[in-house]
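Q: I have a new model open and would like to learn to read it. Can we go through it feature by feature?

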Amino acid sequence: MGPATLPTGGTELVTTCASCAQDLQSLDRFCRNCGTRRGGKGPIVERPAVILALLFLGVGPLALPLLWRSRHFSRSQKATITTLNLALVGGIVVLIVMTFQRYLKMLLELSSG
Ligand SMILES: [Zn+2]
């Protein structure tokens, strides 16, 4: 017999968590990393990528309860993400107010001739 060759894939059953891609042990029913049930993807809003997208691209701080309920993030990660999110949203609000004020001033100047 020659040297053993590595299998080129296909037959090897590799199970990874649908949520966080952690390797699952063959007897695990739940992911040891994030607690997602094996085989099930779980509600879409509980996926870390979706939560982050909602926070930073979508509904902003309204998605914070999702973040804090999620088991995909550690406590310090949650605190960091919350701070970042509130800072970002605060910055956007200030920007909108400033833009609105400038726009209002421009309108007033236009109307006064
Ligand atoms: Zn997982």
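Q: Where is the place of Ala18?

A: This is a predicted model, so keep confidence in mind throughout. Ala18 sits in the segment before H1.

Q: Is Ala18 buried or exposed?

A: Count the C-beta atoms around the residue. Burial takes 20 or more within 10 Å, and exposure 12 or fewer. Ala18 has 17 other C-beta atoms within 10 Å, so Ala18 is partly exposed.

Q: How many residues separate Ala18 and Cys31 in sequence, and what is their distance in space?

A: Compare the two separations. Ala18 and Cys31 are 13 residues apart in sequence. Their C-alpha atoms are 9.0 Å apart.

Q: Which sign does phi have at Ala21?

A: Check the residue type along with the angle. Ala21 is not a glycine, yet its phi is positive, about 70°. Ala21 also belongs to the segment before H1. Ala21 counts as exposed, because it has 11 C-beta neighbours inside 10 Å.

Q: How many helices and strands does the chain have?

A: Start with the tally, then the order. The chain has 3 helices and 0 strands. Along the sequence, the pattern reads α-α-α.

Q: What does H3 span from its first C-alpha to its last?

A: Set the end-to-end reach against the expected rise. H3 covers residues 75-111, which is 37 residues. Its reach is 54 Å, close to the 54 Å expected at 1.5 Å a residue. An α-helix has 3.6 residues a turn, so residues three or four places apart point the same way.

Q: How many of the residues of H3 are buried?

A: The count is 0 among the 37 residues, so H3 is hardly covered by the threshold of 20 or more neighbours. Over the chain of 113 residues, 10% count as buried.

Q: Where is Phe73 found, and what is it in contact with?

A: Place the residue first, then list its partners. Phe73 lies in the loop between helix H2 (64-69) and H3. Beyond four places in sequence, Phe73 contacts Pro48, Leu67, Lys78 and Ile81. Pro48 is 25 residues away along the chain, with a C-alpha separation of 7.8 Å from Phe73. Phe73 is partly exposed, because 18 other C-beta atoms lie within 10 Å.

Q: What share of the contacts join residues at least 24 apart?

A: Among contacts between residues at least 6 apart in sequence, the share is 28%.

Q: Where does pLDDT stay under 50?

A: Residues 5-12 stay under 50, and the model gives them 1 contact beyond four places in sequence. Where pLDDT is low, the predicted coordinates should not be read in detail. The chain averages 82, and 82% of the residues score at least 70. Among the elements, H1 (residues 48-57) has the lowest mean pLDDT, 89, and H3 the highest, 94.

Notes: Residues numbered from 1 in each chain as written. Predicted model: local features only at pLDDT ≥ 70, side-chain atom pairs only at ≥ 80, totals over all residues. Helix = DSSP H or I, 4+ residues; strand = E, 2+ residues; numbered from the N terminus. Expected span 1.5 Å × (residues − 1). Contact = placed C-beta atoms within 7 Å. pLDDT = per-residue confidence, 0-100.
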